[in-house]
Amino acid sequence: MFIRPGGLYASVLLLQCIATSFGFMTANDTIAAIATASGDGGIAIIRISGPQALEIADRVFRCKGLLPSKRPTHTIIHGHIVAGDQSVDEGLLLIMRAPKSYTCEDVVELHSHGGMVTPKLALRAVLQAGARMAEPGEFTYRAFINGRMDLVQAESVNDLIRSRSERAARLALEQMEGQLSRQFNDIYQNLLSIAADLEATLDFPDDELPPAVLPDIATRINCSVLKINELLARWQDGHRLREGLSVVIAGRPNVGKSSLLNALLGKERAIVSHQPGTTRDFIEEIYVIDGVPLRIVDTAGLRETECAIEQEGVRRTHDQIRRANFYLYLLDASAPIQDDDLENIAKLPKDRCILVLNKIDLGKSIQKQLCEGPLVVEISIKQNIGIELIKEYINVLIGRFINLESLPDAVISERHYHCLNKARHELQNSLDAIKSGNDQLISAHHIRQAIGLIGTITGSDTSEDILSAVFAKFCIGK
Ligand SMILES: Nc1nc2c(ncn2[C@@H]2O[C@H](COP(=O)(O)OP(=O)(O)O)[C@@H](O)[C@H]2O)c(=O)[nH]1
Ligand SMILES: [Mg+2]
């Protein structure tokens, strides 16, 4: 299922040297961590990987019959997790011998009961039996080092865990299965062959070189530039799909902002009160609409105030407004519009704002047509009128940010984006060198630079800094 890109094996030795200076030890030590999220779960999984995994299993697991280390791969054993003579829990033990495991090393998983205490006791027993606590992302790092996946696939593991919508998860899964790596590898291989052909032309005296050779090479370089352009063009949609769009609910105090957040989420998330100035800090929640995750932010009401805490809240509201992708600006429709509302609305970009006239159950003192420009919707949260219409309007605004009709089939990350952008620049330089001066030497140099940059994406040509940055984003146990 996982593809093994060219060039990866050659670099494994190099990477193992890097690994030692990088803080992760490899090969001869055994790591362990709780792989499940903490809290009151039915079960928790303690994952152990490395050459002593089975030896450690023998020390921390009591079962009938053969010791775990004497059992074949891919077996499940029932028994007790122990710390010395003391039983910690009743549970299961799974054996996955190298190379048929996530890390390609011997892996043992202990399944204990969940909760705040038992998994930690089980982990402690494993550490006392000789394992070392894993660093964030170290299991996936080992999978990468051992050639189980390339760097692009390793990154997608993290994307999958952090996905906030089905769509984002599906893209991450495709990337994990090598969809995106294949595209990078195609570009990589094409550039390698172009560089080889270009370098071969250097052996010919100029007058003996067939006239079609250099134009042909230029065309092939151009094809690679076009492929890179395609990937770059999809970055923004993919980025938004992965990170979500941020939506700020703003307005004066007491107009129903917190009530709207709760109505959209379908749960009592924010405190709603008739007392103005209740929400002082901002509250952020993920709300998925049509497969797109939205980060909805409920804010402190915008008003002049003497209270220092509320002032800070208002400052944070302005901060959130600056960062938002779009806005829901709320007004109390039953009261006349205020001057500061008009000022606030004037400052918001009209094409990225929905004006929400709330509390129409109490009457309408504001006419819809007063507010020209942005989308306007009249609602009553109390009587559940107009909430569906707001959702439709939110969809309209999402459509202004993300092309929902043709979503990308591969999503590149910011790291990929920067490498590709630089690679494209090198390829352009290489084209210029051929076109303006027929200078194959300079042209080949730029292509080699581009190859190096694509190599840093898949990890076949990656430095310590890049690896640290990639794996530091992972959680412990992954
Ligand atoms: N009559 C009426 N009251 C509402 C409506 N929406 C919210 N409220 C009330 O307005 C008050 C302020 O609501 P809240 O959500 O805390 O406003 P915020 O300060 O803007 O966050 C509360 O007493 C709510 O129950 C509505 O549609 N109609
Ligand atoms: Mg509030």
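**Close-up views of a predicted model**

**View 1. I381, a buried residue beside ligand 1.** I381 is buried, with a relative accessible area of 17%. That value counts as buried because the cut-off is under 20% relative accessible area. Keep in mind as you look around that this is a predicted model. To find I381, go to the loop between β13 (375-378) and α13 (387-401). I381 is also listed among the closest residues to ligand 1, together with N254, K257, S259 and D361.

**View 2. The shell around ligand 1.** Here we step back to take in the surroundings of the ligand, where 17 residues make up the shell. Sorted by class, 8 of these residues are polar, 5 are nonpolar and 4 are charged. Which helix gives the largest share of this shell? It is helix α10, spanning residues 257-265, with 3 residues.

**View 3. Polar atoms facing ligand 1.** Three pairs of atoms are worth picking out in this view. D361 places a polar side-chain atom 2.8 Å from a nitrogen atom of ligand 1. With S258 the backbone takes part: one of its N or O atoms is 2.9 Å from an oxygen atom of the ligand. K382 likewise offers a polar backbone atom, and this one lies 3.1 Å from an oxygen atom of ligand 1. On its own, ligand 1 has 580 Å² of accessible area, and the protein covers 87% of it.

**View 4. A nonpolar patch on the surface.** Now let us visit another part of the model. M116, V117 and L121 form a nonpolar surface patch, and together they have about 260 Å² of accessible area. Is V117 buried or exposed? V117 is exposed, because its relative accessible area is 52% and the cut-off for exposed is over 50%. V117 sits in the loop between β6 (107-113) and α3 (118-128).

**View 5. From P119 to I381.** This view links P119 with I381, the residue we began with. How many residues apart in sequence are the two? The separation is 262 residues, and their C-alpha atoms are 44 Å apart in space.

**View 6. S49 and its partner T103.** Our last stop is strand β2, which runs over residues 43-49 and includes S49. S49 is buried, with a relative accessible area of 0%. Which side chain does S49 meet in a polar contact? The partner is T103, and the contact between the two side chains is 2.8 Å.

Note on methods. Residues are numbered from 1 along each chain as its sequence is written. Chains are lettered from A and ligands numbered from 1 in the order in which they are written. This is a predicted model: local features need pLDDT of at least 70, side-chain atom pairs count only at pLDDT 80 or more; totals for chains, interfaces and linings use all residues. Side-chain values use heavy atoms; hydrogens and water are left out. A residue is near a molecule or strand if one of its heavy atoms lies within 4 Å of it. A polar contact is a pair of N or O atoms within 3.5 Å; within protein, one must be able to donate a hydrogen and the other to accept it, and residues adjacent in sequence count only if both atoms are side-chain atoms. Accessible areas come from the Shrake-Rupley method with a 1.4 Å probe; for residues, only the protein chains shown count as cover. Helices (H or I, at least four residues) and strands (E, at least two) are DSSP runs, numbered from the N terminus. Ala, Val, Leu, Ile, Met, Phe, Trp, Tyr, Cys and Pro count as nonpolar, Asp, Glu, Lys and Arg as charged, and the others, Gly among them, as polar. Patches are made of residues with over 30% relative accessible area and no salt bridge: like charges are joined within 9 Å, nonpolar side chains (Val, Leu, Ile, Met, Phe, Trp, Tyr) within 5 Å. A salt bridge is a side-chain nitrogen of Lys or Arg within 4 Å of a carboxyl oxygen of Asp or Glu. Buried means under 20% relative accessible area, exposed over 50%, partly exposed in between (1.4 Å probe, protein chains only).
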